[in-house]
Amino acid sequence: MVSHDPGTNPVPGRRLLDAADGPLHPVARQTLAAAVDAGWADPARLHTEGRRARALLDRTRDVLAAGLGARPSEVSLLPSGPTALARAVEGVLWARRRHGSRTVASAVEHSAVLVDARAREAQDAGGLGLVPVDRLGRVELDAWGAEVAAPGTVVAALQSANGEVGTRQPLAAAHEVCRRHGVPLVVDAMAGLGRDPAPTDWDVLVGDARSWGGPPLGVLVVREGTRWQWRHARADVEHGRTDVSPWVPLALAAAEAWQQTASDREADAAAAHALVDRVRRAAATVPDTEVVGDPDDRLPHVVTLSSLYVDGEALVHALDRRGIAVASGSACTSSTLEPSHVLAAMGALTHGNLRLTLPLRSVGPEREADVTAFCEALPQVVAAVRLEAGVTGL
């Protein structure tokens, strides 16, 4: 829609290596500002302003559907990615409630899936088949098949790739198992859309526009022929998949970010993959430090490392004082720095971990220098935090 020159660092003097939640692509930011005037009206209204907003919303849906390999009628926009993920599973459960109430999910799924499933299980409203993963975070396919085949299973949920350690999941094989047993597969692609090729093996797909430089906006895609129904549906809002109409300016910004990101995705991913390799090599030089996740078959922009004898929160604060923003704890609940259920499921160290989510090149044009600064600082910071904790002799 709009051409642009590379952006500048959104926070001058800071090194952003925790970009899971933004910031906005510079052209998406421009689109959002312009759309506030052009698309402010309710797209359900029949007056001129409402029809204009409806046309803009339809344009957004067309762009996202084309990028995801879906039909516009299959695409709905929700307030956030986690909301869309919870709704995706809930809709399949409700539509297939006469066949059972059991959910199957890997042990490293997003908390939006696991917490809801455990809450239903505690209320005797459904069961949860939790599938283990290997040391790299990849689901065990034999166990997956056994859980999907269990009586009463009506929905399965699996990430395309884990947003905490980057490991990609075997979607084609997992989907084939689901097809054999007539169980719809919900694929959580929130971490990878815009950074990896869009998945093709799914019945219900979920994304978050933040992953491709857009604003907070959930994307829920339900294949035609998949039984899905939300119990609180309003048929006139987003194909009956939500009760809140999307704000058109946000939707337009998401579509613009998608187009801008898609045009540069392969080159951006190759450059990010090389930068993550640099981080992995730097971490390998730090005593008692482990990089987790698959070293090759992974998201291009995500890496997590764990160090013994240190606290992850202390590492985050020490790096922050040097102007370097990174994350720690669970990617689903990072604001509380709770131990990572993903790392626990992998049998990895759950404390003393750091997670980097590299920004898009268009959002973070200085990311190569930022990664260099992190790699240089890492051994010093880990040593200093250990010394402060009274750990010596390493």
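Here is a short tour of the predicted model above, stop by stop.

Residues are numbered from 1 along each chain as its sequence is written. Local features need pLDDT of at least 70 and side-chain atom pairs count only at pLDDT 80 or more, while totals for chains, interfaces and linings use all residues, and side-chain values use heavy atoms, leaving out hydrogens and water.

**Whole chain.** Select the chain and switch on a cartoon: there are 11 helices and 12 strands (DSSP runs, H or I of at least four residues for helices, E of at least two for strands, numbered from the N terminus). The radius of gyration is 21 Å, close to the 21 Å from the globule rule for 394 residues, so the chain is as compact as a globular protein of that length (C-alpha atoms; the rule is 2.2 Å times the number of residues to the power 0.38). Turn to the principal axes, and the C-alpha trace spans about 70 × 55 × 30 Å.

**Two domains.** Next, colour 26-259 as domain 1 and 265-389 as domain 2; these bounds come from an automatic or database domain assignment. Their contact takes 29 residues from domain 1 and 35 residues from domain 2, where contact means heavy atoms within 4.5 Å. Place a marker at each domain centre, over C-alpha atoms, and 27 Å separate the two.

**Inside and surface.** Now colour by accessibility: of the 394 residues, 54% count as buried, meaning under 20% relative accessible area with a 1.4 Å probe, protein chains only. Finally, show the surface, where the chain exposes about 16,200 Å² and carbon and sulfur atoms supply 52% of it (Shrake-Rupley method, 1.4 Å probe).

Technical notes. Buried < 20%, exposed > 50% of the residue type's maximum accessible area, 1.4 Å probe, protein only.
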